[in-house]
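Q: Could you take me through one part of this model up close? I'd like to stay with a single helix pair and the rings around it.
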Amino acid sequence: MAGLLLLLLLFRLLPSPAAKRIPAEYVLTTPFQIQEKLNYYRSGELIIGGNFLLTSMVSSNIPDFQKQPTLRHLKLVFIAKNYQHFMALVFAVTEINKSLVLLPNITLGFNIYSNFQTEMSISSNSLSLLSTRGRMVPSYKCDRKDTLLSVVGGLNSKSSRLMASIFSIFKVPKWNWVGLLAPEDDNGEHFISSLMPLLKEKEICLAFSEKLKSDVFATTESKLLHVFKMWSKAEVIILFGDSRERRNVPEGEQVCCYQCNPCPEGTISNQTDSAHCDPCPEDQFPKKHKDHCIAKKTHFLAFEETLGYTLVSLALSLSVITSAVLATFLHHRDTPIVKANNRDLTYILLVSLLLCFLCSFLFIGQPGKLTCLFRQTAFAIVFSLAMSSVLAKTVMVVLAFMATKPGNKTRKLLGKPLTNSIVIVCPLVQVLLCAIWLVTSPPFPNLDFHSIFGEAILECNEGSASMFYTVLAYLGFLALISFTVSFLARKLPDSFNEAKFITFSMLVFCSVWITFLPTYLSTKGKSMVAVEIFSILASGAALLVCIFSPKCYIILLRPNENCWLDVRNRRHFKRQGQLECRRWVETVDGHELKSGPIRFAT
């Protein structure tokens, strides 16, 4: 019953859209003849009356104001903009009769009249609703057994008051006083605050408004008793049964005794008293009120957002610093500190670090086919080149001191050929692994609808997780070998011994990637991408700072130390506050010759 009353009240509050009048073909003869033609009736055990302004009378002739116009010169026209009220009442009655829950075993009917917005037609229609059809005898019906339940009509205050004055005599409700019941939440508050101005506009009085818990069985007995007492003050009770909820019959209760439970996550209900909640499509999610679905927001690490902008700035800064270090080493390429551990390896390491920093841009922005295909493989190959260069530099330090023994030919046999082999073979192994990955199960763009509520993650699916971790494991293997060799060579005497710096850089590198794995696996979406980018930048920065910052410090700030010292005899000459370094130069035939002493102020 509450559903019927709510529907009817809302139909009454509907605004009238603008529309043109459609002329009818009827010509007035007598008022009662026209009213019979404009009466729409459907039988039922209970009747809902309607008194709507569906028609208007206009003169068919131009009045000359010389004589009183007669009914024969008036035409009847339909007002299309008000036809919605007629259709709304018919629809409501039809739907309630179809329902097995709202009014079981009761058939509703309707008796609708059209008035001309004149006191005579409004009063005549009201009395006709109370009478036998065709006879103006209110409250006496000899040809019908149906009962007039209530009347809907009066699109303005004037007609409403006129109808109320007639129907109140015969105790037919016209809904002048209504009560509101809503749940104790934000939706209930919004419902009451939204409906009250509409009631005031239509001159409908509010008898009371109460808010109850969504679970009626949890409401206190005193609260329910208070509500029941208030019901007697209203002619109609309007219940708010939230559309985001579903019916739930408590255990041991009858099917008609149910309470409303909120819809589960990911489901909606856009009907009142719904028996179940419907899931949203995969690319949509429920709105806050769970009454309809909205499209999910696409989620990826964009250049424009704060996190993306920060990572881009960091990658650019490291790229610029690496380029500056490379330019410095090229400018001072003939100094001992640059020549100490094979200049070519130094250049390869700096270029590979620069490419590592630049490949992080492949991880930022909307993933596409090409970026997904090459971003992991490009990072893996470039980083393996950097690790191979570090390993080769460490081997060079060990070989240099093995060659100091008299008659030792290790450096000649295993020097440059070995280091060149390391730099070439180690990255080729990574290239082979990446090629197998791309051929068997290549990465591809993918939409993840389930990891983050309300968002669709646009990500690069790695295709084969095993190949991804194999590539990372190979990088870890190269880093472990480099760490082990550099750790063993860290105490070898040399002014330009890089082993201790490489040891520390490998320690930081391994720490970053060991931390990366659990963090990477525990995050989703753009946070996962940001973790990998940060690991790339952090490990690359560790190599750059640990290996090259001491060299840049000597080249730019302490040029007096950029010379060869005789490490075999540890000869340091101090003469009158001056330090003498003996520089060694290589001739074309490979012999080392002493040059004159170079003195720098200490």
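In what kind of crossing, left-handed or right-handed, does H14 pass H15?

A: It's a left-handed crossing: that is how H14 passes H15 in this predicted model. H14 covers residues 465-488 and H15 covers residues 499-521, and their axes come within 8 Å, crossing at roughly 155 degrees. Angles over 145 degrees count as roughly antiparallel, so that's what H14 and H15 are to each other.

As for who does the touching, H14 brings Phe468, Tyr469, Leu472, Ala479, Ser482, Phe483, Ser486 and Phe487. From H15 come, among others, Ile502, Met506, Phe509, Trp513, Phe516 and Tyr520. Sort the residues of this contact and you get 17 nonpolar, three polar and no charged.

Now for the rings. Phe516 and Tyr520 sit four residues apart in H15, about one turn of the helix. The two form a tilted aromatic pair, 4.9 Å centre to centre with 35 degrees between the planes. Both Phe516 and Tyr520 are buried. They also belong to a cluster linked by ring pairs, which takes in Phe379, Phe383, Trp437, Phe468, Tyr469, Phe509 and Trp513 as well.

The count of aromatic pairs comes to 15. One of them is Phe329 with Phe548: the ring centres are 5.6 Å apart and the planes are at 85 degrees, so this pair is edge-to-face. Phe329 lies in H8 and Phe548 in H16, so the pair ties together parts that are 219 residues apart in sequence. Phe329 counts as buried at 1% relative accessibility, and Phe548 counts as buried at 1% too.

Notes: Residues numbered from 1 in each chain as written. Predicted model: local features only at pLDDT ≥ 70, side-chain atom pairs only at ≥ 80, totals over all residues. Heavy atoms only, no water. Axes fitted to C-alpha atoms, helices over the stretch in contact; angles between N-to-C directions. Helix = DSSP H or I, 4+ residues; strand = E, 2+ residues; numbered from the N terminus. Parallel < 35°, antiparallel > 145°, perpendicular 65-115°, else oblique. Left-handed = near helix turned anticlockwise from the far one by under 90°. Contact = heavy atoms within 4.5 Å. Nonpolar A, V, L, I, M, F, W, Y, C, P; charged D, E, K, R; others polar. Phe/Tyr/Trp six-rings, centres within 6.5 Å; stacked < 30°, edge-to-face > 60°. Buried < 20%, exposed > 50% of the residue type's maximum accessible area, 1.4 Å probe, protein only.
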